[in-house]
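Open your viewer, switch to a cartoon view and keep the selection box handy. We will go from stop to stop, and at each one I will tell you what to pick and what is there.

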Amino acid sequence: MASIKLKSAEELSVMRESGRLLARVFDYLDGRIEIGVSTMDINDLAERFIIDQLHARPASKGQYGYQYVLNSSVNRVVCHGVPSTTQKLKSGDIINVDITLEQGGFIADSSKMYMIGNVTPIARRLVDKTYEAMWEGIRVVKPGATLGDVGHAIQSHAHKHGYSVVREYCGHGIGREMHEEPQVLHYGLPGKGLVLQEGMVFTIEPMINQGKAKVKLKKDGWTVVTSDKKLSAQWEHTVAVTSDGYEVLTLRAEERI
């Protein structure tokens, strides 16, 4: 437990503001992610909005040598897709946009799926069920619950609908650093793993595959894709453990708990 940084009420107040600002970034992008837009266009729009309008810092830029402010993961890309001027969105695409933002010394992390144009029912179902799986995990969060409870809730929902859960990548503690302890697996056994305490803050960000769970890393060293070339979806929120449950710090305007 010593390595897990419990947040004070004052620190949570700052993190709440970081999360609120990050939610505004997605609100801004909502009407701008459409057919013909390149993934680099999305990156540049987000960067300018974060810096010029929100007066915050895009926390991913420069982290681990990464050059961009977000990840843009299209179709079979599981996570960490790199923005490109030549990758333009077309009708039928699904894309995950994953953004981090730092304000007041604390970082918020969230991602959202966008469905472009006429998306197939198969793709839409994957996106919707992945969103549900994330919330199944979030709703378990409270003092005394375990990370195994969280992972089991996500895994059970995904498996019930015929999907697989990526195991190589997980959620994480977050605060002054983007990646803190603990690791938050999206699979697990009830009652197992770390016991949650008030003041913990971490991301829940399941990557759910249409086909098999196996993934591979592309030669660029960043982009992770499904091995069977089938679709993958992901959603993410930053979540705080409160005295009696949870608070989603990155909740967006269109979402209702």
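## Start at helix α2

Please select residues 39-53, helix α2, in this predicted model. At 1.5 Å a residue, its 15 residues should span 21 Å, and the end C-alpha atoms are indeed 21 Å apart, so the two values agree.

Now show the side chains of T39, M40, I42, N43, A46, E47, F49 and I50: these are buried. What do the buried residues of α2 pack against? Add α1 (9-29), β1 (70-74) and β3 (94-103) to the view, and you have their packing partners. Turn the model until α2 lies across β1 and β3; the helix runs at about 25 degrees to β3. Before leaving, step just past the end of α2 to H55, where phi is positive, at about 55 degrees.

## The three-stranded sheet

Next, select β1, β3 and β4, which make an open sheet in the order β1-β3-β4 with antiparallel pairing. β1 and β4 stand at the edges with a single partner strand each, so one side of each has no neighbour in the sheet. From one strand to the next, the twist averages 15 degrees.

Zoom in on β3, where nine of the 10 residues are buried. On one side, β3 is joined to β1 by five bridges, and the two strands run antiparallel. Two pairs are good to label here: L70 has I99 of β3 as its bridge partner, and S72 stands opposite V97 in β3.

Then move to β4, residues 106-115, which pairs with β3 in the antiparallel sense over 10 bridges. Label L101 and its bridge partner in β4, A108. Follow the chain from β3 into β4 and you pass through a hairpin with two residues between the strands. In that turn, pick G104, which has a positive phi of about 70 degrees. Finally, bring α1 back: this helix lies across β3 and β4, running at about 25 degrees to β4.

## Along helix α3

Select residues 121-140 for α3, a helix of 20 residues. From first C-alpha to last it reaches 29 Å, close to the 28 Å expected at 1.5 Å a residue. Colour its buried residues, which are A123, L126, V127, T130, A133, M134, W135, G137 and I138.

## A second hairpin and a cis bond

Go on to strand β6 (residues 171-173) and β7, which form a hairpin with six residues between them. Their pairing is antiparallel, over three bridges. To see one of the pairs, label G171 and its bridge partner in β7, V184.

Stay with β7, residues 180-184, and find P182 within the strand. Which kind of peptide bond joins E181 and P182? The bond is cis, with omega at about 5 degrees.

## Two loop residues to compare

Most residues other than glycine have a negative phi, and most peptide bonds are trans. With that in mind, select N75, in the loop between β1 and β2 (77-79). Its phi is positive, near 60 degrees. Buried or exposed: which is N75? N75 is buried, because its relative accessible area of 19% is under the 20% limit.

For the last stop, jump to K229, in the loop between β11 (224-226) and β12 (232-234). K229 also has a positive phi, near 70 degrees. Turn on the surface here: K229 is exposed, with a relative accessible area of 60%.

How values were computed:
Residues are numbered from 1 along each chain as its sequence is written. This is a predicted model: local features need pLDDT of at least 70, side-chain atom pairs count only at pLDDT 80 or more; totals for chains, interfaces and linings use all residues. Side-chain values use heavy atoms; hydrogens and water are left out. Helices (H or I, at least four residues) and strands (E, at least two) are DSSP runs, numbered from the N terminus. The expected span of a helix is 1.5 Å times one less than its number of residues. Buried means under 20% relative accessible area, exposed over 50%, partly exposed in between (1.4 Å probe, protein chains only). Contact means heavy atoms within 4.5 Å. Two strands pair if DSSP finds at least two bridges between them. Axes are lines fitted to C-alpha atoms, for helices over the stretch in contact, and angles run from 0 to 180 degrees between N-to-C directions.
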